[in-house]
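Reader: I've got the sequence and the model open side by side. Can we walk through it together, one question at a time?

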Amino acid sequence: MNKLITILLGLIAFTACSVKSSKEKSTFIEGKEIIVDSGMVVSAHIQSSRIGVSILQKGGNAIDAAVATEFALAVCYPEAGNIGGGGFMLIRTIDGKTDVIDYREKAPAIASRNMYLDSSGNVSEGLSTNTHLSSGVPGTVDGMITAHSKYGRLPFSNVIQPAIDLAEKGFPVSERQAEDFNSNRHTFIERNGFRPAFVKDSAWKEGDILIQRDLAETLKRIRDHGRDGFYSGRTARLIAKEMKKGKGIVSEQDLKEYKSVSRIPLNTDYKGYRIITVPPPSSGGIILIQLLKMTDPYTIKEWGFNSFETVHLIAEAEKRAFADRSEYLGDPEFVKIPVEQLINRKYLLYRMSTFNERKATPSEEIKPGSPEGYISEETTHYSVIDKYGNAVSATTTLNNTFGNSVVVDSAGFLLNNQMDDFSVKPGFPNMYGLVGGEANSVQPRKRMLSSMSPSMVEKDGKLLLILGSPGGSTIPTTVFQVIINVLDFGMNIGQAVDAGRFHHQWLPDLISYEKNAIDSTSLKKLRSMGYILQERSSIGSVNAIMILPGGKKSGAADKRGNNSSCGY
Ligand code: DON
C-alpha cells in the first residue's frame with residue numbers, strides 16, 4: 001500500500017515537474033558549470049536553485065532570490081538548510097554598497113560556562129553535540145526577514161511560498177540524500193519520541209518523495225505573521241515544549257529576544273583586487289584576510305599550484321592564523337577583538353618572520369601572536385546574482401549533518417547543535433578539532449565563534465567573484481584557495497572550484513589533503529621538511545559565481561556535492 005502511495009505521489013510530482021520544466025525549459029538552464037546572461041543561483045540542491053531563479057524571473061532581486069533559496073534549502077536540504085539554525089549573509093548591491101546580516105545562533109539566557117562539564121570538570125561527551133542542550137537560539141528566520149525587509153522587492157509571502165509548496169507537495173530525494181536519511185534513521189528515532197518525516201517504514205531510495213506537512217505549517221505561520229510566526233506564538237511554544245522534553249534550555253523568552261544584526265563587512269586589497277568578507281562572530285573573514293596578507297609577499301605564482309613551496313607557505317600561514325583565532329576571536333559583543341591589529345600588514349609580516357623556507361615549524365613552537373592592543377559535517381553555501389548586478393553570498397548551517405537530529409515535534413524542523421562551536425573547556429577541541437579559550441567561552445546570550453566565510457571579490461570596483469563553502473574549520477582555507485586559484489593561478493571558476501585542496505589549522509599539527517591534491521614528489525619533499533601529511537575525504541563544497549568580462553555569469557557548483565547551478 002505504502003509503495004503504491006509512493007508511486008502515485010512520485011507520478012504526481014513528476015507530472016508537476018515536467019509541466020514546469022516544459023514551460024520553463026527555454027527560460028532557464030541548469031548544471032554543474034553553466035554560463036548565463038541574466039541571473040543565477042548556485043546552491044546545494046537542484047530544487048533550491050530552481051526556486052531562487054524562479055523568484056529572479058518573477059522580478060525579484062538577488063536578495064528576494066536568496067531568501068527564497070534559504071527557505072527552500074530548509075525543505076529540500078535538511079542536512080544543513082534550516083530554519084532551526086543560523087548563518088551569515090553578505091550582500092552587495094548594484095551601487096557597490098555592502099552589508100552583512102549576522103543571523104548566527106546565540107546561547108540561551110541560562111547557558112553557563114561549565115554547562116558541558118561533569119562534576120569532576122571533564123567534558124561530558126556528546127552533550128554539546130547530540131542533545132537538546134546543544135542547540136543555540138535559532139537565527140535564520142529573523143535573518144531572512146531582516147534581509148528581505150531591508151533589500152527585498154517582492155512581497156515576503158511570494159518569496160517564502162515556493163518553500164511551502166515544496167514542503168507540502170514534496171520532492172524527489174537524491175541518491176546521496178536517501179543514504180543520509182537511511183544512515184541517520186536510528187538517530188532520528190532515538191532522539192525523537194515520534195517518527196519525523198525523514199523516517200519511513202522501508203529504506204529511502206533515490207526518487208522517493210519527501211513530504212513535510214508540519215514544516216509546511218510552520219512556514220505558513222512565518223509567511224502570515226513574519227517574525228512572530230516563529231519567535232512567538234505556536235512555533236515558539238512548540239520549540240519550548242520540545243526543549244522541556246529533552247532537557248534543553250532554549251526558552252520562549254530567548255526566542256522573543258533573538259535579533260539578527262547588521263554588521264560592517266571586512267575588506268582588504270590583494271594584488272589589485274578587493275576581497276569583501278564577514279566579520280566576527282565568524283573567524284572566517286579574519287583568517288581569510290590574514291592568509292592573503294601573510295602569503296602576499298611570496299611568489300606563489302612562480303612556485304605553482306600546490307607545489308611543495310606553495311603548500312609549505314600556506315600551511316605555515318594557516319598555523320599562525322588558527323593560533324590567533326584560538327586566543328582572540330569570539331562574539332564582538334562580549335570580547336574586545338583587535339580586528340584592525342590582527343589584519344594589519346606589519347603585524348602579519350612580523351608573524352611570518354619566523355617562517356623557515358626549508359622546514360616546517362612545529363605547531364607547539366607557534367603561539368598566538370601579540371597584536372598591539374573529523375567529522376560528519378554539513379553546512380551549505382549559496383551564491384546569487386540578479387540581472388542588475390545585486391549579489392548575495394550566504395552560508396547557513398545546523399552545525400553537523402541534521403544538527404542534533406532533534407525535530408521540533410509538530411513543527412517539523414531540525415534544531416542546530418551550534419553550542420559545540422563554543423570552547424566548552426579551554427584547550428578542549430570541538431568537533432572540528434578547533435581549540436579556544438576565554439574569548440569563545442560559553443556565556444549567556446553570546447554568539448559562538450564561527451568559521452563561515454561567505455565572500456566576494458571585486459576588481460576595479462566591479463564585482464568579480466561570489467563564493468563560500470561548508471567545511472567547519474576548513475571553510476576559510478577553502479575560500480582562500482579558490483580565490484588564489486583564480487587570482488594567482490589564472491584558473492577559470494570551474495577549474496578553481498574543482499582543484500584539489502589541503503588544510504592546516506595549527507592544532508592538530510598536520511596537513512590534511514584531498515586525494516591527488518598534492519603530487520607525490522611534493523608530498524615527499526614536504527615530509528622531509530617535517531610535515532605530517534594525512535589524506536582525507538573531500539574538503540569543502542564551494543558554490544561560486546564569476547562575472548566574466550562581457551558581463552555574462554559563470555556558475556560553478558562543486559562536484560564534491562549534489563550542488564547545482566541554475567540561471568537564465
Ligand atoms: O560555524 C561554523 O564554523 C560551523 N558550525 C560550521 C559547520 C560546518 O561547516 C559543517 N560542514 N561542513
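Reader: Let's start with the ligand. Where does the ligand sit?
Author: Keep in mind that this is a predicted model. In it, the place to look for the ligand is the largest cavity.

Reader: How much of the ligand does the protein bury?
Author: Start with the polar contacts: a backbone N or O atom of G471 lies 3.0 Å from a nitrogen atom of the ligand. Taken alone, the ligand exposes 340 Å². Of that area, the protein buries 98%.

Reader: Which strand gives the most to the shell around the ligand?
Author: The shell has 15 residues, and the closest are T379, Q418, D421, S451 and G472. One strand, residues 377–385, gives 3 residues to the shell. That top contributor is β11.

Reader: Which residue has a polar side-chain atom 2.7 Å from a nitrogen atom of the ligand?
Author: Two side chains are worth a look here. R104 has a polar side-chain atom 2.9 Å from the ligand, but its partner there is an oxygen atom. The residue that reaches a ligand nitrogen at 2.7 Å is N399.

Reader: On to S282. Is S282 buried or exposed?
Author: S282 is in the loop between β10 (273–277) and α11 (284–295). Its relative accessibility is 0%, and the cut-off for buried is under 20%. So S282 counts as buried.

Reader: What does the side chain of S282 reach at 2.5 Å?
Author: There are two backbone partners to check. A polar atom of the S282 side chain lies 3.1 Å from the backbone nitrogen of G284. At 2.5 Å, the S282 side chain reaches the backbone oxygen of M452.

Reader: What is omega for the cis peptide bond from P280 to P281?
Author: P281 lies in the loop between β10 and α11, and S282 has its place in that loop too. The bond from P280 to P281 is cis, with omega near 20°.

Reader: Which residues does the cis bond with omega of about 0° join?
Author: For this one, go to the loop between β15 and β16, where P508 lies. The cis peptide bond there, with omega about 0°, joins L507 and P508.

Reader: What is the phi of W506?
Author: W506 also lies in the loop between β15 and β16, and it is buried, with a relative accessible area of 9%. W506 is a residue other than glycine, yet its phi is positive, near 75°.

Reader: And S405, what is its phi?
Author: You'll find S405 in the loop between β12 (391–400) and β13 (455–459). At 3% relative accessibility, S405 counts as buried. It is not a glycine, but its phi is positive, about 65°.

Reader: In what order do the 3 strands of the open sheet come?
Author: Take the edges first: β15 (502–503) and β17 (533–536) each pair on one side only. The pairing in this sheet is mixed. Reading across, the order is β15-β16-β17.

Reader: Which residue in β16 is the bridge partner of F502?
Author: β15 and β16 (residues 511–514) pair in the antiparallel sense over 2 bridges. Follow the bridge from F502 into β16 and you land on Y513.

Reader: Is E535 buried, partly exposed or exposed?
Author: E535 has its place in strand β17. Its relative accessible area is 46%, and partly exposed runs between 20% and 50%. That is why E535 is called partly exposed.

Reader: Which residues of β3 point the other way from M40 and V42?
Author: In a regular strand the side chains alternate between the two faces of the sheet. In β3 (residues 40–43), M40 and V42 point one way, and all four residues are buried. Pointing the other way are V41 and S43.

Reader: Which residue in β20 stands opposite M40?
Author: β3 and β20 (residues 564–567) run antiparallel, with 4 bridges joining them. Opposite M40 in β20 stands G567.

Reader: Last one: how far apart are the C-alpha atoms of Q47 and Y151?
Author: Q47 is found in helix α2 (residues 46–57), and at 11% relative accessibility it counts as buried. Q47 and Y151 are 104 residues apart along the chain. Their C-alpha atoms are separated by 24 Å.

Terms used:
Residues are numbered from 1 along each chain as its sequence is written. This is a predicted model: local features need pLDDT of at least 70, side-chain atom pairs count only at pLDDT 80 or more; totals for chains, interfaces and linings use all residues. Side-chain values use heavy atoms; hydrogens and water are left out. Buried means under 20% relative accessible area, exposed over 50%, partly exposed in between (1.4 Å probe, protein chains only). Two strands pair if DSSP finds at least two bridges between them. A residue is near a molecule or strand if one of its heavy atoms lies within 4 Å of it. A polar contact is a pair of N or O atoms within 3.5 Å; within protein, one must be able to donate a hydrogen and the other to accept it, and residues adjacent in sequence count only if both atoms are side-chain atoms. Accessible areas come from the Shrake-Rupley method with a 1.4 Å probe; for residues, only the protein chains shown count as cover. On a 1 Å grid over the protein atoms alone, a cavity is a set of points where a 1.4 Å probe fits but cannot get out, and a pocket is an open set with protein on both sides within 12 Å along at least five of seven lines; lining residues have an atom within 4 Å of a point. A molecule sits in a cavity or pocket if more than half of its atoms lie within 2 Å of its grid points.
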